[in-house]
Amino acid sequence: MKIKDVGIAGTLESSDISIRIENSESEGIEIELKSSVENQFGNQIRKVITQTLLDMGVQHAAVHAVDKGALDCTIRARVMTAVSRATKRNCIPWEVDRCAE
Amino acid sequence: MDTESLTEETLLHSGRESARVADFLRSQGLQLDDDVEFTVVLAAQGSIAATGSFAGRVLKCIAVDPQYLQSGLSAKIVTRLIREEYILGRTHLFLFTRPANVPIFSSFGFYIVHVVPSQVALMENVPNGIQRFLRTLSTSAPKGKNAAAIVVNCNPFTLGHKHLIEYAAARCDMLHLFVVSEDKSSFPADVRYRLVVEGTKNIAHVHVHKGGDYIISAATFPTYFIKEYQEQVETHALLDIGIFGTRIAPALGIVKRYVGEEPFCKVTATYNRIMQDVLPRYGVDLEVIPRLTSGGGAVSASRVRALMREGKLEQTRELVPDSTYAFLMSEEARPVIRRIQEAGQRH
């Protein structure tokens, strides 16, 4: 699935993560992360973002994330919403993790 | 302080409501800029706890009542502003703020473009915005050994501009013209750019670039956090010249900048004086060129606009090149002429 527009989701408030996703100029998934807990959880956050995107069938994207201490479930939810908005499709069939093609 | 009970209001500007916001900002030592398009307010029983606004792609006038500091209100405000900008399709956003506020905006995902210590910081919401801009500049024109630059608005392009450009082009191996991209002039930015390209196409080794987001005209520079007018003018100049000197000039190997003499406009004169002081520190020389005159006056864009305002288009013939005159006489120019006549504006 290709990202065409820019999609955003989330807020800058404590325990949330703000995600912006857009088309990438290069191959693969690039993540620019700002996190208040970079040292402890930076890798984990990047892993969750990447995995969520791959699960949705997104292989190439540029992601800008500002994390304020979000849990994995929050990160997944925000990523899925941002992708829905970037592709203008409902990519969140509840309880199912696969994006409708 | 309890933030759960705060109500959010958004305003598209109307006199009375913005007066309330302006009063609050004033109590925080700030002002409400005139060009603000959208404002969000968090209030408790009608009294403002926090506010933030934007004009175009610039976030500004963000303030939190001291009682509510450390309650995450600025995060709420900035989130709301960003969301509204995205709804409008604007995703590359900027803000100008006091350098002391850099850490907080940094935590919101903004990155420094340039800082003038103790005075102003320009930030953007992408990590490599200015780097990408510099890359486009240097790929569109190779680095010169003896490159020069002129920054122009050209509202519209006149023989006065042409004179300055020919003078500079004859004295360097590559002349970079930057046309200010802001749409705050009567001639739209794309038309101004086009007329510069057409008017200079026969001049050797001239490259015309769109100024983009990193050449900041005085018109767009937010002044809401600076009280004194003179300080506003100087701070803008230091920021803009700082970006030019530390980023743009090195990317293109520019060692000289040319500017037309400015006898009337005090703001431009201040800007030129600061360039004179500051540019040499970045290895760039400044040369001020006397203006082209005709019929006892300087050939300037403001003179052309004055004639347009008076409906005396044919008299612009001697002030502009054929390409600009052809535009002025065309259908496409009608809305511009009308706008100048109706607004009675100097710019």
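Here are some exercises, with worked solutions, on a predicted model of a complex with chains A and B.

**Exercise 1. Work out how confident the predictor is in the complex and in chain B.**

Step 1: Start with the complex. The predictor gives it an ipTM of 0.82 and a pTM of 0.89.
Step 2: Now take chain B by itself. Its pLDDT averages 91, and 97% of its residues score at least 70.

**Exercise 2. Sketch the layout of chain A.**

Step 1: List the pieces. Chain A has two helices and four strands.
Step 2: Put them in order. Going from the N terminus, you meet β-β-β-α-β-α.
Step 3: Check burial. Chain A has 101 residues, and 39% of them count as buried.
Step 4: See how far along the sequence the contacts reach. Take the contacts in chain A between residues at least 6 apart: 71% of these join residues at least 24 apart.

**Exercise 3. Describe the contact between chains A and B.**

Step 1: Count each side. Chain A puts in 11 residues and chain B puts in 10.
Step 2: Look at where chain A's side comes from. Strands β3 (29–35) and β4 (61–67) of chain A each supply at least two of its residues.
Step 3: Sort chain A's side by character. You get four nonpolar, four polar and three charged residues.

**Exercise 4. Split chain B into domains and see how they meet.**

Step 1: Read off the bounds. The domain assignment gives domain 1 (7–91) and domain 2 (130–343).
Step 2: Find the spacing. Taken over C-alpha atoms, the centres of the two domains of chain B are 33 Å apart.
Step 3: Count the residues in contact. Seven come from domain 1 and four from domain 2.
Step 4: Sort domain 1's side of that contact. Four residues are nonpolar, one is polar and two are charged.

**Exercise 5. Find the largest nonpolar core and say what feeds it.**

Step 1: Get its size. The core has 121 residues.
Step 2: Pick out residues with the most contacts inside it. Among them are I19(A), I150(B), L175(B) and V196(B).
Step 3: Ask which element gives the most. That's helix α7 (residues 229–252) of chain B, with eight residues.
Step 4: Go back to the domains. Domain 1 and domain 2 of chain B each give this core at least three residues.
Step 5: Zoom in on L175(B). Skipping residues up to four places away in sequence, L175(B) touches A148(B), I150(B), I165(B), A168(B), A169(B), H205(B) and V206(B).

**Exercise 6. Decide whether V21(B) is buried or exposed, and name its contacts.**

Step 1: Place it. V21(B) sits in helix α1 (residues 15–27) of chain B.
Step 2: Count around it. V21(B) has 23 other C-beta atoms within 10 Å, and being buried takes 20 or more, so V21(B) is buried.
Step 3: List its partners. Neighbours within four places aside, V21(B) is in contact with L32(B), T39(B), V41(B), I48(B) and T51(B).
Step 4: Try a longer reach. V152(B) is 131 residues away along the chain, and its C-alpha atom is 35 Å from that of V21(B).

**Exercise 7. Explain why the buried residues of helix α9 of chain B line one face.**

Step 1: Name them. In α9 (residues 301–309), the buried residues are A301(B), V304(B), R305(B) and M308(B).
Step 2: Look down the axis. These residues fall within an arc of 95°, so they line one face of the helix.
Step 3: Find what they pack against. It's α11 (334–343) of chain B.
Step 4: Move on past the helix. Just after α9(B), G311(B) has a positive phi of about 75°.

Terms used: Residues are numbered from 1 along each chain as its sequence is written. Chains are lettered from A and ligands numbered from 1 in the order in which they are written. This is a predicted model: local features need pLDDT of at least 70, side-chain atom pairs count only at pLDDT 80 or more; totals for chains, interfaces and linings use all residues. A nonpolar core is a set of buried Ala, Val, Leu, Ile, Met, Phe, Trp, Tyr and Cys residues joined through C-beta atoms within 7 Å. A residue is buried if 20 or more other C-beta atoms lie within 10 Å of its own, exposed if 12 or fewer, and partly exposed in between; C-beta atoms are placed from the backbone. Domain bounds come from an automatic or database domain assignment. Two residues are in contact if their C-beta atoms, placed from the backbone, lie within 7 Å. Ala, Val, Leu, Ile, Met, Phe, Trp, Tyr, Cys and Pro count as nonpolar, Asp, Glu, Lys and Arg as charged, and the others, Gly among them, as polar. pLDDT is the predictor's confidence in each residue, from 0 to 100. The arc is that of the directions from the helix axis to the C-beta atoms.
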